There are 2 protein chains.
Amino acid sequence: MAEKNFTPAELYDVWPLLSPEERLEGFEFLQRDAADDFFLQLSARDRALLLLALPVGVRRLWLRQLAPDDAADVIQEAPAEERDNLLSLLDDSARREVKGLLDYAEDEAGGLMNTRYSRLRADMTVDEAISYLRRDARAREKTVYYVYVVDSEERLRGVASFRDLIVASGDKLVGDVMRTEVISAPDDLDQEALSRLFMRHHLLMMPIVDAEGRIKGVVNVDDIVDVVQEEATEDMQKLGGVATLDEPYLEVPLPRMIRKRAGWLAALFLGEMLTATAMGQFETEIARAVVLALFVPLIISSGGNSGSQATTLVIRAMALGEIRLRDWWRVIRRDVVTGLALGAILAAIGLTRILLWQVLFDAYGEHYFLIALTVALSLVGVVLWGSIVGSILPFILRGLGFDPASASAPFVATLVDVTGLVIYFTVAALVLSGTLL
Amino acid sequence: MAEKNFTPAELYDVWPLLSPEERLEGFEFLQRDAADDFFLQLSARDRALLLLALPVGVRRLWLRQLAPDDAADVIQEAPAEERDNLLSLLDDSARREVKGLLDYAEDEAGGLMNTRYSRLRADMTVDEAISYLRRDARAREKTVYYVYVVDSEERLRGVASFRDLIVASGDKLVGDVMRTEVISAPDDLDQEALSRLFMRHHLLMMPIVDAEGRIKGVVNVDDIVDVVQEEATEDMQKLGGVATLDEPYLEVPLPRMIRKRAGWLAALFLGEMLTATAMGQFETEIARAVVLALFVPLIISSGGNSGSQATTLVIRAMALGEIRLRDWWRVIRRDVVTGLALGAILAAIGLTRILLWQVLFDAYGEHYFLIALTVALSLVGVVLWGSIVGSILPFILRGLGFDPASASAPFVATLVDVTGLVIYFTVAALVLSGTLL
């Protein structure tokens with residue numbers, strides 16, 4: 001690399017574009033304290049990659065810099081065969097803690113928690129508490145804002161902020177200063193539910209407790225910001241019909257990118273093949289009235305678009321906790337009305353278009369009105385159907401225990417394409433039999 | 001309402017389902033301090049609705065409870081004709097502050113900031129600073145974790161945490177205890193960029209400065225969590241082809257919901273009408289070889305699905321700051337390779353399917369191989385084209401100053417549908433001329 005002398009900010013900006021060797025060179029060129037800051041800004045994934053590129057001696061140094069939960073994240077991001085190796089670089093107590101954290105699933109509260117928090121007893125005086133906190137290294141971490149009060153069984157009894165302690169007179173008991181209404185979360189709570197709890201109570205830190213109410217660690221809001229972004233990315237990618245990437249877009253190697261997209265694309269293709277079968281059933285009708293074929297893309301795509309809108313809205317509202325499983329009936333009723341209204345609007349536009357073309361270009365022959373009627377009625381049916389399928393599918397998936405976001409827009413569109421064709425040709429048979437058909 | 005005695009948590013859960021009158025009744029039934037907590041949990045929108053339902057005297061009481069930035073949010077959510085009214089309920093100094101905040105756009109740093117922070121001078125001793133902070137009401141707010149050190153022109157000079165002050169000896173100067181590298185943001189920074197800055201530096205609070213480096217207020221991380229959710233929701237809804245809702249799903253009145261969906265749906269429908277025109281150009285070909293029509297939905301939807309994948313991935317990566325405008329060429333190169341590979345995969349499946357049906361059912365007559373070839377070649381072209389359009393469109397929109405998320409999946413699909421038909425029938429003309437055509 002010709003120009004090595006990046007500032008830390010410049011290095012951070014070009015980081016995604018650099019090869020592993022260039023990253024190593026750039027990082028080693030940084031001053032020690034700039035390197036420190038830089039290392040802490042990297043994502044767990046980039047940290048793992050950098051660590052594995054470093055010589056073993058230096059690797060230990062940097063890994064030990066990390067708090068247990070960050071070390072656990074890094075180890076989780078490393079390839080499976082490197083994990084034991086990395087674990088062995090930690091000292092005994094850190095290793096035990098990291099192993100404990102690795103036992104939790106990545107997407108539950110326990111997997112996000114860390115042990116950088118301080119505990120007090122309710123029967124200490126405020127002065128005793130402050131002098132204890134001054135000696136407690138964990139209280140110095142910059143992410144510690146509250147102190148948790150526990151009983152002799154480690155059960156959570158109350159919470160006090162540093163400020164609560166400063167403004168109280170020194171001879172008061174911690175038990176009299178603390179607030180006893182503490183919002184806590186069980187260690188197996190899903191991270192999406194946890195983030196909703198944080199948002200609802202505007203918290204910066206939340207204690208995580210086990211089934212017996214014993215405090216196991218805390219989760220900080222900055223990890224929650226990451227969770228919210230990550231969950232939104234996952235949902236969006238699923239909604240777009242792609243398997244979740246897990247890596248920044250430009251860093252996904254092409255073969256993996258192709259695999260992530262090919263799965264859904266091939267599945268949708270197989271489903272969409274049914275359209276050829278469905279249309280095959282109506283081959284004689286099409287041969288007799290080729291004009292019917294012209295409107296096929298228009299009609300089925302309208303159903304697909306309406307379905308894609310409905311599924312997007314429902315999936316996002318579910319993720320935000322705005323609708324729950326038991327709301328399914330209200331949602332469907334709404335989508336029936338919406339679907340009918342939208343279908344009527346498109347039908348009116350479609351009708352106008354066909355009549356206009358007929359007047360201007362005599363495009364559709366003597367039966368133009370029946371053709372226009374067929375298209376209009378089919379549009380109402382298909383758009384309504386798309387809306388219903390798009391809104392109900394996430395409920396069905398969730399009810400069956402799947403992720404509702406798997407009801408991706410392309411999936412709904414494919415489903416609606418096949419049924420849309422049947423609707424269209426059935427309407428055509430009813431309206432046009434005896435004339436065109 | 002028969003059963004009035006909701007606990008605050010129960011009331012919060014059923015809130016979205018209640019009518020304005022029921023909300024008022026439920027709220028008035030709460031104990032005073034439960035009502036306090038409850039009020040602070042509500043979203044700005046629900047708070048505004050509740051306030052407007054309260055009698056004027058009580059309304060003033062609750063509005064004055066809010067910090068200036070929260071009051072500004074509530075006023076922003078109220079109907080335009082109520083805003084002056086609400087402003088007049090505030091005392092003079094709060095009103096000035098709220099008006100100042102209302103001048104900022106809702107989605108820039110200034111619009112998110114609040115004035116709950118404390119200022120110190122560098123030449124105070126730590127003891128002086130602590131006794132000053134004990135008297136400063138703003139330092140008692142539970143969201144205050146850092147104290148900012150400013151010079152006589154209000155320019156930001158440093159930052160200290162409460163803990164920094166406690167652990168330092170009392171006769172030291174604040175200037176010696178503070179950290180001088182403060183990460184701050186300009187007041188006109190877009191909220192999406194601001195949230196990336198928070199995430200990168202794992203901050204809980206960030207000072208917002210004007211062009212002269214004077215501190216204007218602070219933004220807290222809990223507001224950033226809201227921003228991240230809100231931006232993700234907006235992007236997802238746009239991606240699904242719906243105008244942004246701004247309200248929880250179930251609370252959007254049906255007529256508004258229909259409007260929000262009808263706009264895009266009608267626009268897409270008008271675009272999709274070009275498919276009828278495009279197919280009209282090939283009417284003679286279709287009449288001669290009806291079999292061609294059978295594969296139309298299959299082929300164009302494959303292009304649409306591939307385009308919807310590409311646009312979803314690129315839009316999300318842009319929102320996360322993973323790719324920037326100048327990366328367009330890298331992205332296209334990647335999508336050409338990906339598109340070709342995916343097209344080849346689908347072509348292979350399509351080819352197999354047609355050959356299989358031919359062997360099993362003699363479905364396509366003597367020219368079955370040429371038909372299979374037409375479908376396979378078209379698939380490669382259409383899937384490649386979908387991938388390119390889907391990935392380039394967000395760049396074009398951003399380059400023109402529009403929101404890249406407007407390149408919604410249905411929009412890309414519509415664009416690809418029309419061009420996909422042209423690709424398909426052109427390939428068909430080339431391959432089949434002299435035989436079927």
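How much area do chain B and chain A bury between them? In this predicted model, the two chains bury about 10,700 Å², with 66% of that area on carbon and sulfur atoms. The contact draws on 112 residues from chain B and 113 residues from chain A. Two salt bridges are found across the interface of chain B and chain A. A salt bridge links A:R261 to B:D335, where the closest N and O atoms lie 3.1 Å apart.

It is worth turning next to the helices. Helix α15 of chain A covers residues 254-281. Its 28 residues, at 1.5 Å a residue, should span 40 Å, and the end C-alpha atoms are 40 Å apart, so expectation and model agree. Even so, α15(A) carries a kink of about 30 degrees, centred on A:A262. In chain B, helix α19 is made of 34 residues, 328-361. A span of 50 Å is expected at 1.5 Å a residue, and the 47 Å between the end C-alpha atoms agrees with this. After α19(B) comes B:D362, which has a positive phi, near 50 degrees.

Chain B also offers a small piece of sheet to look at: an open sheet of three strands in the order β4-β5-β6, with mixed pairing. Its edge strands, β4 (185-186) and β6 (215-220), each pair on one side only. Strands β4(B) and β5(B), the latter formed by residues 205-209, run parallel and are joined by two bridges. Within this part of the sheet, B:A185 stands opposite B:I208 of β5(B). Helix α13 of chain B (residues 191-201) packs on the sheet and touches β4, β5 and β6. The direction of α13(B) makes about 135 degrees with that of β5(B).

Note on methods: Residues are numbered from 1 along each chain as its sequence is written. Chains are lettered from A and ligands numbered from 1 in the order in which they are written. This is a predicted model: local features need pLDDT of at least 70, side-chain atom pairs count only at pLDDT 80 or more; totals for chains, interfaces and linings use all residues. Side-chain values use heavy atoms; hydrogens and water are left out. Helices (H or I, at least four residues) and strands (E, at least two) are DSSP runs, numbered from the N terminus. The expected span of a helix is 1.5 Å times one less than its number of residues. The bend at a residue is the angle between axes fitted to the seven residues ending there and the seven starting there. Two strands pair if DSSP finds at least two bridges between them. Contact means heavy atoms within 4.5 Å. Axes are lines fitted to C-alpha atoms, for helices over the stretch in contact, and angles run from 0 to 180 degrees between N-to-C directions. Buried area is the accessible area (1.4 Å probe) that two parts lose on being put together, summed over both. A salt bridge is a side-chain nitrogen of Lys or Arg within 4 Å of a carboxyl oxygen of Asp or Glu.
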